[in-house]
Amino acid sequence: MRIIQVFMYLLIFPVCSWAQKASLSGKVVDATSNEPLPFVNVVVAGTGIGTVTDTEGHFVLKGLESGFIRVEASFVGYRKVISSETEVRQAGNAYIEIKMEKSRENIDEVTIKASPFRVTMESPLSMRTIGVGEIEKSPGANRDVSRIIQSFPGVQSTPAYRNDVIIRGGGPSESRFFLDDVEIPNINHFSTQGASGGPVGILNADFIREVNYYSGAFPANRGNALSGVLEFRQIDGNEEKMQFHGTLGASEVAATLDGPLGEKTNYVFSVRRSYLQLLFSALELPFLPNFTDMQFKVRTRFDQKNELTLIGLGAYDVNKLNLDIEDPDEEQQYILSQLPENRQWSYTVGAVYKHYRDNSYQTFVVSRSQLKNLSDKYLDNDKSTVDNRILDYESQEVENKIRLENTSRINGFKLNFGAGLDVVNYLNNTVSGRFYEEELQQVNYDTDLSLLKYSLFFQLSKNVFDERLALSLGVRTDANNYSASMNNLLEQISPRFSASYKLSPQWSLNFNTGRYYQLPSYTSLGFKQDDVLVNKQNKLKYISVDHLIGGLEFRPKSTVQLSAEAFWKNYSDYPFSVKDQISLANKGADYGVIGDEEVVSSSEGRAYGAEFQARINSSEGFNFNLSYTLVRSEFKNGSQKYIPSSWDSQHLLVLTTTKDLKKGWSVGARWRYVGALPYTPWDLDKSSLVEAWNLSGGPYYDFSRLNSERQPAFHQLDVRVDKAIYGEKITTKFYIDIQNLYNFQAKTNDIVVRATDASGNFLLTDNGTRYQLNVIENKSGTVLPTIGVIVSF
């Protein structure tokens, strides 16, 4: 470490000077009326540094050590609160806004103490808040929020280096994402259409202030989710001067600007560009991905009662095959034979207007999202003739959304209600073929589908018995004009109920139950067969799931949280593949498209288990997160028997810890264990047929043996070392992140390739009707070091 330290000092010394102290300015306001709160006590958590807000609610804290801090605010008649994490440094001006909720003036000793582990009356359990410090320094994540949540209870990870959001045994398509109250369809580059995953996150970590992760107990204003909701809160731009933030990371280079646009407006803007194509080409990998993304936020406070936030997020992804490899090995052949080339555009733009009154505020959200996905594949990647083309896919999803909410606080009640309206257009032009039961089926269709989606929601919450007991009752309903089976709001009534009882100042008993609905993917709604929307004829329904969750929480200190939860999820009306005879709940953690096939709403499933978490978030710079999940996930097969789903990992264990050291150093480690995941063997008999192989460019699964085998358990150690140099005019950070430190080799499904002779010709059998296939054991995993540099001024 001494050599690295000397190198960093020499590198940075010419451009900055040392500085020890920083400052933070901010404002404290009423959470409902947005009125400034004067004479509030404000203290840096874990220190004696504090002040009092002025008559306009403003405060300034000086003499701070550079780094990540939280601020405690207390005021008579309001709940004591600890702010989200924020970074202070002398080379920049930090600003934070703290919202405080009213409370009874005389509450007894069971009052909840301020803690960084926040809960709400609507979601007293199954909700976790992730701070910016955890995002910045999480080992093995490389500042990718999609991977950071894999350290939390119930979230499954895989050895495939993907960011699929798989929660409590549910599928990768069962979560929803919100960015400053604007719903965004996906959060990953090269996303799997119809699901959630991809290899790299779109969201720039420089923007993120805080993340709320729900694995259950969803608020009524968050719909269309079965397993998870993630709310991303972004920073505001600096109100005094323009600032620059540059990052050279594991796969991309990024530049972020923020600053004022007049007295009432601030902005944040970033652009990122990957260099994966150059890196993968140098390493002779068979695919060459490249991505570009852009993100912005503009916030205007017209006056104390009115504000407008504009957000934008866009990405352009290109994946080409590396056909210049002279003598590809069997693994390279396997990837080149199967993987198509594709281009993907996606963006979301939205506006959030808030109007504050004395006891309520209204939120009006308007947004537009678009995903365009193009893929093509040629047999043996020979583009010399159009006859070799086995896939020509072009699809587009456009969503225009409007949501109106009212949040009121009256006589101790919290009331939230509203409505939503979505105008959707789905386009698809597909030319391909599929091989079912030894017969070729042409899949050639052109879809132009328009949908009108509408929703209503209501939630009422209240603390009673001197705030020992918190109760919340909500109801939501969704419908659309796709078909008669979906257009009745009364058919998708989604009630939910939460309760939390304070057994003592440290102990609480929590409960939630609810029914949640999700619309099947547009790829299923728009699939055509013989020029007919076959799934509309099949009376496709909303997917539903019933949640039952109970938990116990112990907080011996405000910075320590120990929790245990048991959960049960019961699924019905899940789309079931007519041809493959499997539930679509088993699909989605791979590249490409899912749901574009004939399905019926007949699948049933269940997921159940228990979660345990120990979490420490100390003001002294020590973070500790130990989570264990015991989970079973099962769905019925074609014979109506429960069998393990593809996400039936049984055991999930993750230990993540980071520690700030002296002189700007910090260290961290993450060890994760994922139990033996089920997998489906190959159907080698079907795959060997020349007609079948040439139609897909690869082998076929034997779905009659769905998830009948299990891979060995997977485990991995990631470590990270950070060095921050806080100068007077510039802040520079370096990090070294090493994934899979002890080089664990994960066993995955075998590779299947066609055998060749010495001249490279494919070997045929059965009078030329079958290929001779080679099956090769497949292992993945390597030590993956990354060096990152972050510069701010």
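Me: Two strands pair if DSSP finds at least two bridges between them, and a strand is a DSSP run of E with at least two residues, numbered from the N terminus (helices are runs of H or I with at least four residues). With that in hand, which residue stands opposite serine 25 in strand 9?

Reply: Serine 25 stands opposite tyrosine 95 in strand 9. Before going on: this is a predicted model, with local features needing pLDDT of at least 70 and side-chain atom pairs pLDDT 80 or more, while totals for chains, interfaces and linings use all residues. Residues are numbered from 1 along each chain as its sequence is written, and side-chain values use heavy atoms, leaving out hydrogens and water.

Me: How do you know that strand 1 and strand 9 pair, and in which sense do they run?

Reply: Seven bridges join strand 1 (residues 21-30) to strand 9. The rule asks for at least two, so they count as a pair. They run parallel.

Me: What makes strand 4 and strand 9 edge strands?

Reply: The open sheet has three strands in the order 4-1-9, with mixed pairing. Strand 4 (58-65) and strand 9 (94-100) each pair on one side only, and that is what puts them at the edges.

Me: Why are arginine 168 and glutamate 565 said to meet in a salt bridge?

Reply: A salt bridge is a side-chain nitrogen of Lys or Arg within 4 Å of a carboxyl oxygen of Asp or Glu. Here the N to O distance is 2.8 Å, so the pair qualifies. Arginine 168 lies in the loop between strand 12 (166-167) and strand 13, and glutamate 565 in strand 35 (residues 560-577), so the pair ties together parts that are 397 residues apart in sequence.

Me: Why does arginine 168 count as buried?

Reply: Buried means under 20% relative accessible area, exposed over 50%, and partly exposed in between (1.4 Å probe, protein chains only). Arginine 168 has 1%, so it is buried. Glutamate 565 has 6%, so it gets that label too.

Me: What about arginine 632 and aspartate 648: how do you know that their side chains meet in a salt bridge?

Reply: Their N to O distance is 2.9 Å, so they pass the 4 Å rule. At 25% relative accessibility, arginine 632 counts as partly exposed, whereas aspartate 648 is buried at 0%.

Me: What makes the largest nonpolar core a core, and which residues have the most contacts inside it?

Reply: A nonpolar core is a set of buried Ala, Val, Leu, Ile, Met, Phe, Trp, Tyr and Cys residues joined through side-chain atoms within 4.5 Å. This one has 28 residues, and Ile135 and Phe232 have the most contacts inside it. Among the elements giving two or more residues are helix 3 (145-148) and strand 18 (228-234). Apart from it lies another core, of 20 residues, including Leu64 and Ile98.

Me: Which residues is isoleucine 135 in contact with, leaving aside its neighbours within four places in sequence?

Reply: Contact means heavy atoms within 4.5 Å. By that rule isoleucine 135 touches several residues, including Ile130, Arg143, Val145 and Val211.

Me: Last one: how do you know that strand 36 and strand 37 pair?

Reply: They share 13 bridges, antiparallel, so the minimum of two is met. One of the partners is glutamine 613, matched with serine 627 in strand 37.
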